[in-house]
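Here are a few exercises to work through with the model open on your screen. Grab a coffee and take them one step at a time.

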Amino acid sequence: QNCGENIVAVLTGAQEPLKFFQDFIYDVDETEDVNRQFPLNAYYNGILQTIVKQIGDSLPSSTSLRVLEIGGGQGFATRELLPVLPPEQTHYTFTDIGASFLNSGKKRFSAYSFLDYRLLDIEQSPTQQGYEEHCFDVAIAVNVLHVTQNITVTLQHIRSLLAPNGLLLICEL
């Protein structure tokens with residue numbers, strides 16, 4: 001209903017369409033466990049969390065881990081991953097295609113000083129968006145790759161961001 005009432009504003013560019021989806025998701029009381037609404041997310045986020053924790057635990061003390069989250073959105077995966085990463089050794093880049101999700105992420109994850117927030121349209125060249133090539137050790141894409149128009153090109157863009165021997169974690173529900 002909210003989307004329908006605002007369709008003119010969305011179509012004319014006066015309102016960002018992702019805001020309506022975000023408002024729907026965040027309508028949930030913050031104290032309520034979102035994973036109860038989406039139980040499969042909890043299962044797969046647990047797998048991602050275990051992998052990321054193992055990577056963090058295996059780091060030599062002199063090594064930093066550079067993590068890229070593609071399409072962080074509502075932060076469902078982010079909130080599971082951040083607590084298991086070593087803050088003094090991690091640089092985590094939370095990205096999304098829309099500013100409203102980045103702004104919400106900044107509020108939600110403000111306790112984590114090792115995060116930065118950047119726009120990223122993974123269907124476009126990352127270098128043309130200000131990203132350096134091969135600058136991330138781990139890229140995480142949760143429920144985002146299925147919406148790309150050309151998966152081959154999208155995967156090439158991701159590959160260009162990963163360091164040699166970098167790891168891409170994909171979760172599509």
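Strands here are DSSP runs of at least two residues, numbered from the N terminus. Keep in mind that this is a predicted model.

**Exercise 1.** Find where Leu173 sits along the chain, then work out which surface patch it helps to make.

*Solution.* Start with strand S5, which covers 162-171; Leu173 is in the segment after it. Next, check the exposure: Leu173 has a relative accessible area of 45%. Partly exposed means between the buried limit of 20% and the exposed limit of 50%, so Leu173 counts as partly exposed. Now look at the surface: Leu173 joins Leu40, Tyr43, Tyr44 and Ile47 in a nonpolar patch of about 470 Å².

**Exercise 2.** Trace the sheet and say which strands stand at its edges.

*Solution.* First, lay out the order: five strands run S3-S2-S1-S4-S5 in an open sheet with parallel pairing. Then go to the edges: S3 (115-119) and S5 each have a single partner strand, so one side of each lacks a neighbour in the sheet. From one strand to the next, the twist averages 20 degrees.

Zoom in on S2 (residues 90-96), which pairs with S3 in the parallel sense over five bridges. There, Thr93 stands opposite Asp116 of S3.

**Exercise 3.** Work out which strands helices H5 and H7 lie on.

*Solution.* Take H5 (residues 39-57): this helix packs on the sheet and touches S1 (65-70), S4 (136-142) and S5. The direction of H5 makes about 160 degrees with that of S5. Then take H7 (residues 99-108), which lies across S2 and S3 and runs at about 170 degrees to S3.

Definitions and conventions
Residues are numbered from 1 along each chain as its sequence is written. This is a predicted model: local features need pLDDT of at least 70, side-chain atom pairs count only at pLDDT 80 or more; totals for chains, interfaces and linings use all residues. Side-chain values use heavy atoms; hydrogens and water are left out. Patches are made of residues with over 30% relative accessible area and no salt bridge: like charges are joined within 9 Å, nonpolar side chains (Val, Leu, Ile, Met, Phe, Trp, Tyr) within 5 Å. Accessible areas come from the Shrake-Rupley method with a 1.4 Å probe; for residues, only the protein chains shown count as cover. A salt bridge is a side-chain nitrogen of Lys or Arg within 4 Å of a carboxyl oxygen of Asp or Glu. Helices (H or I, at least four residues) and strands (E, at least two) are DSSP runs, numbered from the N terminus. Buried means under 20% relative accessible area, exposed over 50%, partly exposed in between (1.4 Å probe, protein chains only). Two strands pair if DSSP finds at least two bridges between them. Axes are lines fitted to C-alpha atoms, for helices over the stretch in contact, and angles run from 0 to 180 degrees between N-to-C directions. Contact means heavy atoms within 4.5 Å.
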